[in-house]
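Please look at the sequence and the structure shown below, and then follow the backbone through a few of its loops.

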Amino acid sequence: MRIVLVSLNAKFIHSNLALRYLRAAIEPEFTDVHLVELQSNDDLRKSAARVYELQPDVLGFSCYIWNIETTLALVRDLKQVLPDVRIVLGGPEVGPRACELLRQIPEIDFVVAGEGEAAFLALINQLKTGAENPNIPGVYTRLTTQPATGKAPMKALPVEQVPLAYRERDIDELRNKLVYVETSRGCPFRCAYCLSGNEHVRFFPLERVFAEVSTLINAGVPLVKFVDRTFNANPARAQQIMTWLLEHRGETRFHFEICADLLDEQFISFLSRVPAALFQFEIGVQSTDPVVLAAINRRMDFGKVAQSVKALRQLDNIHLHLDLIAGLPEQTWDSFALSFDDTISLRPHMLQLGFLKLLPGTHLRTAATEFGFRYSSLPPYEVLQSKWMRFDQLNKLHIIEQLVEYYYNSSLLAHTLPYLWQTESPFSLFDRLANDWLEKGMHLRSHGQETLFDMFQEFAPKTPLVSDLLQIDRARMLPSFPANFKLPAQYRTGWDEYLDAHLQEFSPRSFKQAFRTVFPVWLQTETLAYLGEHPKQVAVVDRDKKQLHGFTALSPSFS
């Protein structure tokens with residue numbers, strides 16, 4: 001029996017963890033197993049051809065909100081050219097919709113709900129015997145005389161019995177890929193918008209975690225993303241794993257989803273010893289409004305979150321990615337604005353403005369009518385409006401999301417924005433900028449950084465200090481600056497002497513390379529005063545690192 005496991009990933013660099021668990025679970029009994037990773041935007045005919053060439057007896061698909069529509073189209077096509085193949089769907093997008101999908105799409109033979117390692121193996125074993133309607137917990141099937149039926153999900157395997165997803169013999173599949181690892185399953189929280197909200201947390205043995213991650217580190221995987229819903233749900237265990245990673249890291253970097261309010265002083269002290277850029281933290285704030293948090297059953301102490309994020313930001317050795325969600329129950333325009341200002345004031349390296357998804361199987365999906373939700377009928381089921389937020393308001397937040405990405409997350413205006421926020425709240429500024437874009441139709445097309453900078457310069461106040469800060473940001477970020485920069489002849493000797501004396505700070509660049517990538521920027525007296533510098537200083541901008549390196553006195557010399 002030939003079994004082919006298929007996923008349509010969002011990008012080429014992504015990999016699928018679930019299929020690797022399934023392969024490891026069935027290979028001890030079924031040796032003819034193939035894993036095919038495609039992309040959701042691939043040509044459908046070519047994707048079908050890749051699978052068809054393998055002539056499978058059983059096809060298993062891993063289904064998520066980002067790939068379900070393309071996956072279903074591929075299933076329909078493959079069933080036409082492989083009429084005898086048995087098609088099995090699994091994953092968070094299909095488990096809660098099992099009966100609906102089996103009724104609507106006759107090409108699907110089975111849907112596996114819940115964790116799949118044991119259920120999929122049991123299904124394959126029964127199919128091997130020729131069973132037409134296997135009676136397996138968690139496996140939904142279409143009976144000839146009844147609606148689609150299935151039992152409650154199979155009891156989850158003890159974590160000690162979950163097979164290792166990554167083996168050395170398969171490592172070539174992961175070259176230059178983003179690789180996902182879990183050290184636990186389940187979540188200690190009960191957020192109403194999340195499918196993990198009712199799962200008890202089960203921790204994998206540390207020896208297993210270390211063995212699996214060692215395989216990836218030894219293979220030179222560039223980035224490992226831990227997909228634990230709350231990596232530091234057990235803080236002591238989380239620190240154990242991080243300590244091991246520090247000792248065995250190789251060239252691999254690591255991404256974690258954490259709760260910042262679970263970090264204490266001791267944990268932050270430990271994190272101060274982490275080398276720069278080794279760890280990335282994703283922190284789900286979602287909202288800072290207590291009324292909204294209560295409506296979604298989310299426990300969070302934002303005071304502690306803010307304290308921890310500020311401490312980590314001061315260390316500046318860990319990339320911090322903070323998330324907000326727009327469209328939540330009880331969330332008005334003003335309450336979202338307050339959450340936005342509260343969160344961006346912590347100065348995360350990235351602020352992600354997401355939008356509520358009404359996922360099948362979640363409490364908010366069930367209570368959609370109660371909350372006045374209108375949402376897209378197609379995945380990812382994004383909210384269109386609610387009792388508290390109109391469609392036009394949510395649409396405007398999409399424009400603000402893009403502006404945050406353009407101007408804040410990119411660091412394009414890293415020096416200009418904080419100054420402007422001294423007299424206007426961040427949300428108010430982005431709100432006005434969104435109005436400007438709407439009026440001019442600029443939200444309808446994409447823009448390069450040069451154009452973005454020019455548009456913001458036109459929007460910004462026309463003051464000498466703002467002009468100077470924009471000049472610093474232009475020098476840091478835009479290719480046009482070095483192309484157009486000319487060092488005045490009378491400063492050449494002084495600048496050569498500065499670079500020569502400070503060359504080690506720009507290592508490993510040679511003097512000639514530093515001369516081409518480090519530039520002096522002259523500022524006005526009030527700008528230097530705002531930056532806390534002497535009035536006769538010039539700013540030193542490092543283009544390679546895209547940062548303001550420092551300041552120096554630079555006197556002219558005349559021959």
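In this predicted model, K546 has its place in the loop between strand 18, which covers 537-542, and strand 19, which covers 547-553. The backbone there deserves a careful look, since phi of K546 is near 55°, a positive value in a residue other than glycine. How buried or exposed is K546? Its relative accessibility is 41%, and because partly exposed is the class between under 20% for buried and over 50% for exposed, K546 counts as partly exposed.

A positive phi is also found at S411, where the angle is near 65° and the residue is, again, other than glycine. S411 belongs to the loop that runs between helix 13 (391-409) and helix 14 (416-420), and with a relative accessibility of 32% S411 counts as partly exposed.

From these phi angles the reader may turn to the peptide bonds. Which residues does a cis peptide bond join, with omega at about 10°? They are P379 and P380, and P380 is found in the loop that lies between strand 15 (374-375) and strand 16 (383-385).

Another cis peptide bond joins S507 and P508, and for this bond omega is about 5°. To find P508 in the structure, the reader can follow the chain from helix 19 (492-502) towards helix 20 (511-517), as P508 lies in the loop between these two helices.

Key: Residues are numbered from 1 along each chain as its sequence is written. This is a predicted model: local features need pLDDT of at least 70, side-chain atom pairs count only at pLDDT 80 or more; totals for chains, interfaces and linings use all residues. Side-chain values use heavy atoms; hydrogens and water are left out. Helices (H or I, at least four residues) and strands (E, at least two) are DSSP runs, numbered from the N terminus. Buried means under 20% relative accessible area, exposed over 50%, partly exposed in between (1.4 Å probe, protein chains only).
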